[in-house]
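Student: Could we go through this model together, one question at a time? I'd like to start with how the chains relate and then move on to the DNA.

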Number of protein chains: 2
Amino acid sequence: MQTTPADTAHTAPADICSAPPRSHPRPDGEDRYTISEVVAFTGLTAHTLRWYERIGLMPHVDRSHTGQRRYSNRDLDWLDFVTKLRLTGMPVADMVRYAELVREGESTYGERKDLLESTRRDVLTRIAELRDTLAVLDTKISFYATEGITR
Amino acid sequence: MQTTPADTAHTAPADICSAPPRSHPRPDGEDRYTISEVVAFTGLTAHTLRWYERIGLMPHVDRSHTGQRRYSNRDLDWLDFVTKLRLTGMPVADMVRYAELVREGESTYGERKDLLESTRRDVLTRIAELRDTLAVLDTKISFYATEGITR
DNA sequence: TATGACCTTGGAGTGCACTCCAAGCAAGCG
DNA sequence: CGCTTGCTTGGAGTGCACTCCAAGGTCATA
């Protein structure tokens, strides 16, 4: 689960690395959120959260003494990141691969970097495609605007 | 199959509107492409081309006397546009709706414009999201880069 | 004219990413 | 204690966008 003892005032978990400037709903120590709280925070459904866990996309969510899920601030950060990756169009299988690398520890830094750089290139390509499409849309919209007026 | 400059003058068709500056494989008059030619031009599969037609996403593809499809330059333009819409993430159902509006004629200019403007907003949103993700990726990549070196 | 590559159809199958279900246990409140 | 709402599970179902299949007809070339 945890790859580094690095209990460094929490703010720099090597698992998650370079934590986002996101503020958490509750401070560390009281971060034992139920699944429905996480649903409210992330916008994901409970189904999806359980499914993410089942397919290995979550780094081992803690449980209450009766077996109910208790999510941490770190889990929330991870879900934020996963959500970002999701909207790049990255397949879930690739995100699972990344999660595996995280579980394997620091020795996979290189491979993780490669994966992220490849994703970065994809994002750049996608942005370029979207820009291109935007130009086409603008042309057509202005056509409809002028024709709609002149007729 | 060379991309001949082609006399793009070819009367701006109201169906397609604001023709793209694309050059066609063959000039108008000789534009009766088989499905496999269109596969080569567009990168779509023959299956997908037939499926597009079945669901009403194509504006009536011409047929040879024996019933085989013969695509025109105009069909190619339409497919180009559809492909652009596709990569904005627009659902096929919405593209079919647009195709229906085109079939209904000039009276639907307003609605077509609305649809395209809504798509335009979606594209802008998506670009913003991707930029956001890019920032996260860059932070992580540079983390891996420096940590990968210093350890 | 024969051969083989290409084209036709309706309908069934695939892969992805969820999404839902049933049956049962858990938690908080009056 | 009973009630309601919430959480658990494995497995089945859904919706989208293709993707493929079988069985047969067509076309170009030798």
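Student: What rotation superposes chain B on chain A, and what kind of axis is that the relation of?

Tutor: Keep in mind that this is a predicted model. Chain B falls on chain A with an RMSD of 0.0 Å, after a shift of 0.0 Å along the axis and a rotation of 180°. That is the relation of a two-fold axis.

Student: Which residue of chain B has the C-alpha nearest the axis?

Tutor: Happy to place that for you. The C-alpha in question lies 2.9 Å from the axis, and in chain B the residue is B:I127.

Student: What percentage of the contact residues of chain B recur in chain A?

Tutor: Start from the surface that each copy uses. The same surface serves both copies. The share of chain B contact residues that recur in chain A is therefore part of that same statement, and the value is 100%.

Student: Now the DNA. Which element gives the most residues to the surface near DNA strand D?

Tutor: Let's begin with the polar contacts. A polar side-chain atom of B:T66 is 2.5 Å from a phosphate oxygen of DNA strand D, and one of A:R50 is 3.2 Å from a phosphate oxygen of that strand. The elements giving two or more residues to this surface are helix 1 (35–42) and helix 2 (46–54) of chain A, along with helix 2 (46–54) of chain B. With four residues, the one that gives the most is helix 2 of chain B.

Student: What percentage of the atoms of DNA strand D within 4 Å of the protein belong to sugar or phosphate?

Tutor: Look at who surrounds the strand: 18 residues, with A:S36, A:R50, A:R69, B:H47 and B:T66 coming nearest. The backbone takes part too, as an N or O atom of the B:V92 backbone lies 3.3 Å from a phosphate oxygen. Among the strand's atoms within 4 Å of the protein, bases make up the rest, and sugar or phosphate accounts for 73%.

Student: Turning to DNA strand C, which residue has a polar side-chain atom 3.2 Å from a base oxygen?

Tutor: Nice one to separate from the phosphate contacts. B:R50 places a polar side-chain atom 3.2 Å from a phosphate oxygen of DNA strand C, and a polar backbone atom of B:R69 is 2.5 Å from a phosphate oxygen. The side chain at 3.2 Å from a base oxygen belongs to B:R54.

Student: How many polar residues does the surface near DNA strand C have?

Tutor: In total, 19 residues surround this strand, and the closest are A:H47, A:T66, B:S36, B:R50 and B:R69. Helix 2 of chain A supplies the largest share, four residues. By class there are five nonpolar and five charged residues, and the number of polar ones is nine.

Student: Back to helix 2 of chain B: why do its buried residues line one face, and which exposed residues sit on the face turned away?

Tutor: The buried residues here are B:L49, B:Y52 and B:E53. Viewed down the helix axis, the buried residues fall within an arc of 100°, so they line one face. They pack against helix 1, strand 1 (62–63), strand 2 (69–70) and helix 3 (73–87) of chain B. The face turned away from that buried side carries the exposed residues B:H47 and B:R54.

Student: And which residue just after helix 2 of chain B takes a positive phi?

Tutor: Step just past the end of the helix. The phi there is about 90°, and the residue is B:G56.

Definitions and conventions: Residues are numbered from 1 along each chain as its sequence is written. Chains are lettered from A and ligands numbered from 1 in the order in which they are written. This is a predicted model: local features need pLDDT of at least 70, side-chain atom pairs count only at pLDDT 80 or more; totals for chains, interfaces and linings use all residues. Side-chain values use heavy atoms; hydrogens and water are left out. A residue is near a molecule or strand if one of its heavy atoms lies within 4 Å of it. A polar contact is a pair of N or O atoms within 3.5 Å; within protein, one must be able to donate a hydrogen and the other to accept it, and residues adjacent in sequence count only if both atoms are side-chain atoms. Ala, Val, Leu, Ile, Met, Phe, Trp, Tyr, Cys and Pro count as nonpolar, Asp, Glu, Lys and Arg as charged, and the others, Gly among them, as polar. Copies are superposed by least squares on the C-alpha atoms of residues with pLDDT of at least 70 in both. Contact means heavy atoms within 4.5 Å. Buried means under 20% relative accessible area, exposed over 50%, partly exposed in between (1.4 Å probe, protein chains only). The arc is that of the directions from the helix axis to the C-beta atoms.
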